[in-house]
Amino acid sequence: MGDLTGADSGIVIPPRNGAKLAIDEYNKTNPKVKIELVEYDSQADPSKAVALAQQAIKTDKIVGLVGPAFSGESAQVGPVLEEGKIPSVSASATNVKLAENGWKYWHRVLPNDGVQGPGIADFIVDGAGAKNVFVIDDKSEYGKPLADAVRAQLKTKGATVTDDSLDPDESDFSSVVNKVAAAKPDAIFFGGYYSAAGNLLKQLRDKGVQAKFLSGDGSLDKGLIEGAGAGNAEGALIGCPCYLATPDVTDAKVKAFADAYKAAYSADPAIYASEGYDAATVFIEAIKAGKTTAEDINQFISTVNFAGVSKQVKFQPNGEVEAKDIYIYQVKGGVITLLGKAAEAKLG
């Protein structure tokens, strides 16, 4: 479940493809119990997601859900899944508060914004050498908390922080851009999705603002480059609690996944593709172990501990994955490349 046709579907189609790849590989082994993947296109609309969740439970009789993809829809769908006793594993929703609801059927296979935000902030100061940082958010249930986590950590590290917000549904960000130009920051951080990030970056560069531009996982998509223009996007930095299988990756397991993904979809795996694969694998492992009811699958999920493509997959009692690595990516030559772990990455 997620935005499969909307403005930010570029973040959701890769994990959907990753999940589909895992399930297709499993079904090809001709197992005793096959798995059917049903897709629910929420278009990132929480009310639409709730109606789809109700349909999934009552009509389609699903036994598990990969998703929802975004934090806003996850907050609304969580209670529906909880009432229906349907286990879920999100490959991309990062809002911290999702783990604070006491839900027993909810899980995510990536670290939250309480890990991502400070990790990016540490890199901004330690890896990028910035002391004066302008932080902008899109006011969403994803973007604002992530930006707030970045702001708080930057301040603990002694950086000067200037704040502002924008409406991603508008196209003219001149009010924010003018404030950034006046502040003359070393770096800019945007908490939001790539569709707005690309537009913002273009307008900043058009205004002559050349400060380092950073964003979070919601911007880790080629749409950022397309929206800003390749020249404007060059050097942009994106933090993510995800391990993206970029073409230069050397890890054998990740490379095998990347090759299988490219063979299936004629594209390199993009953001959260490996997390989608791992989220689906959680359900596959349960079914391989003979757990076929939603209740039994959920009980099994609390015991999983396997080496996934993106990370070691093991969950805490609140549904959070135990792995905590944040990675920094950089646009080079019009493509997204891996710079390294946030705690270790340095700009040359």
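In this predicted model, Ala44 counts as partly exposed, at 31% relative accessibility. The residue lies in the loop that runs between helix 1 and helix 2, the latter spanning residues 46–58. Although Ala44 is not a glycine, its phi is positive, at about 65°. A positive phi of about 65° is also found at Tyr272, likewise not a glycine. Tyr272 belongs to the loop between helix 10 (252–265) and helix 11. With a relative accessibility of 1%, Tyr272 counts as buried, because the cut-off for that class is under 20%; the 31% of Ala44 places that residue in the partly exposed class instead.

Two further backbone features concern glycine residues. Gly129, just after helix 4, takes a positive phi of about 70°. Gly67 is joined to Pro68 by a cis peptide bond, with omega at about -10°. Pro68 is placed in the loop between strand 1 and helix 3, the helix covering residues 71–84.

Helix 4 comprises residues 113–127 and is largely enclosed by the rest of the structure, since eleven of its 15 residues are buried. The buried set contains Asp113, followed by Gln116, Gly117, Pro118, Gly119, Ile120 and Ala121, and then by Phe123, Ile124, Val125 and Gly127. At the N-terminal end, the helix is capped by Asn112, a side-chain oxygen of which lies 2.7 Å from the backbone nitrogen of Gly114. The positive phi of Gly129 is located just after this helix.

Asp137 is part of strand 4, which covers residues 132–137. Its relative accessibility of 1% means that Asp137 counts as buried. The side chain of Asp137 is involved in polar interactions with a backbone atom and with another side chain. A polar atom of the Asp137 side chain is 2.8 Å from the backbone nitrogen of Lys139, and a polar contact of 3.0 Å is made with the side chain of Arg151. Leaving out residues up to four places away in sequence, Asp137 touches Gly143, Lys144, Ala147 and Arg151, together with Asp164, Ser165, Leu166, Phe190 and Gly191. Arg151 thus appears both among the residues touched by Asp137 and as its side-chain polar partner.

Phe190 is also one of the residues touched by Ala197, a list that further includes Phe213, Ser219 and Leu224 when residues up to four places away in sequence are not counted. Ala197 is found in helix 7, residues 194–206, and is buried, with a relative accessible area of 0%. Ser219 is 22 residues from Ala197 along the chain, yet the C-alpha atoms of the two are separated by 6.6 Å.

Aromatic pairing was examined over the whole structure, and seven aromatic pairs were found. Ring pairs link Phe257, Tyr261, Tyr265 and Tyr277 into a cluster.

The largest pocket has a volume of about 610 Å³. Its lining consists of 33 residues, of which Glu36, Leu37, Val38, Gly64 and Val66 are the closest to the pocket centre. At least two lining residues are supplied by each of helix 1 (13–27), strand 1 (65–66) and helix 11 (273–288). Helix 1 provides the largest share, with four residues. By class, the lining of this pocket divides into 21 nonpolar, six polar and six charged residues.

The search for enclosed space returned one cavity of 30 Å³ or more in the whole structure. The largest cavity holds about 60 Å³ of space. It is lined by Ile11, Phe70, Ser71, Ser92, Thr94, Tyr142, Tyr193, Asp217, Gly218 and Tyr272. Five of these lining residues are nonpolar, four are polar and one is charged. Tyr272 therefore combines a place in the cavity lining with a buried position at 1% relative accessibility and the positive phi of about 65°.

Methods:
Residues are numbered from 1 along each chain as its sequence is written. This is a predicted model: local features need pLDDT of at least 70, side-chain atom pairs count only at pLDDT 80 or more; totals for chains, interfaces and linings use all residues. Side-chain values use heavy atoms; hydrogens and water are left out. Buried means under 20% relative accessible area, exposed over 50%, partly exposed in between (1.4 Å probe, protein chains only). A polar contact is a pair of N or O atoms within 3.5 Å; within protein, one must be able to donate a hydrogen and the other to accept it, and residues adjacent in sequence count only if both atoms are side-chain atoms. Contact means heavy atoms within 4.5 Å. Rings of Phe, Tyr and Trp (its six-membered ring) pair if their centres lie within 6.5 Å; planes under 30 degrees apart count as stacked, over 60 as edge-to-face and the rest as tilted. On a 1 Å grid over the protein atoms alone, a cavity is a set of points where a 1.4 Å probe fits but cannot get out, and a pocket is an open set with protein on both sides within 12 Å along at least five of seven lines; lining residues have an atom within 4 Å of a point. Grid points are joined across faces, edges and corners, and a volume is the space filled by probe spheres set on the points. Ala, Val, Leu, Ile, Met, Phe, Trp, Tyr, Cys and Pro count as nonpolar, Asp, Glu, Lys and Arg as charged, and the others, Gly among them, as polar.
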